[in-house]
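Thanks for sharing this one with me. Here are my notes, point by point, with each term explained as it comes up.

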Amino acid sequence: MRNTIALISARFTTLSRSRIGSVLKSVMFAVLLWAASAAGSIPIPGTPVPITLQTFVVMLAGLMLTWRQAGAAVGMYLAAGAVGLPVFAGGASTLALIGPSAGFLIGFLPAAMLTAVLKGEARTDTAKHTAMTAARYLLAAFAGCVVLDYALGFMVQSALTGISIKVVAIASMGFVVGDIIKVCVAALTAAGLSKLDR
């Protein structure tokens, strides 16, 4: 009986630590999202949406966390802005979620989760497997954090401003180039970190 109680207690402790660790990871990435927007933004002529490092953090969250953890991190960040905390670019809060950048911000949630689902699992330590992991991560982050997030962002911005999606897309090309660079850096970073984690 004593052994059974000890076994149950050990499993409960392990499960509790695992859940606490999972929550802490999500909270850390939510804080990183705020820090990325607080670090500053660069305006792009022709579009009301600024360049920040938020997309880079969303990519890393998708590549380094499970889909649930990544979703929780972005969900916490969006919830903080929705209740009025100045966590979005330029110190914005609730109004950013109904403004021209709303589709991009709200799109962070499915983007991070899709990236996490598509990334698959990291492989063994060989250089070949690390390169394959980086390539898989690159494709996952591109599909989730560029293709999906931009599709949602373009649609919402077009709907809110009355400007055609084509014009919105052309005005956003500066972002696309930057985010492709961020995808490459995020994929290499996450693949390298996953190798160290094993």
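1. Helices (H or I, at least four residues) and strands (E, at least two) are DSSP runs, numbered from the N terminus. With that in hand, look at residues 134-156: the chain there is 100% helix and 0% strand, and the end C-alpha atoms lie 31 Å apart. Over residues 168-193 the figures are 96% helix and 0% strand, with 36 Å between the end C-alpha atoms.

2. Please keep in mind that this is a predicted model, where local features need pLDDT of at least 70, side-chain atom pairs count only at pLDDT 80 or more, and totals for chains, interfaces and linings use all residues. Residues are numbered from 1 along each chain as its sequence is written, and side-chain values use heavy atoms, leaving out hydrogens and water.

3. Both stretches in point 1 appear in the UniProt record, an unreviewed entry, which places "transmembrane region" at residues 20-42, 48-67, 74-98, 104-122, 134-156 and 168-193. Such annotations may be inferred rather than shown by experiment.

4. Is C145 buried or exposed? C145 counts as buried because its relative accessibility is 2% (buried is under 20%, exposed over 50%, partly exposed in between; 1.4 Å probe, protein chains only). C184, at 33%, is partly exposed. The count of disulfides (pairs of cysteine sulfur atoms within 2.5 Å) is 0.

5. W34 lies in helix α1 and is partly exposed, because its relative accessibility is 40%. Helix α1 covers residues 2-38.
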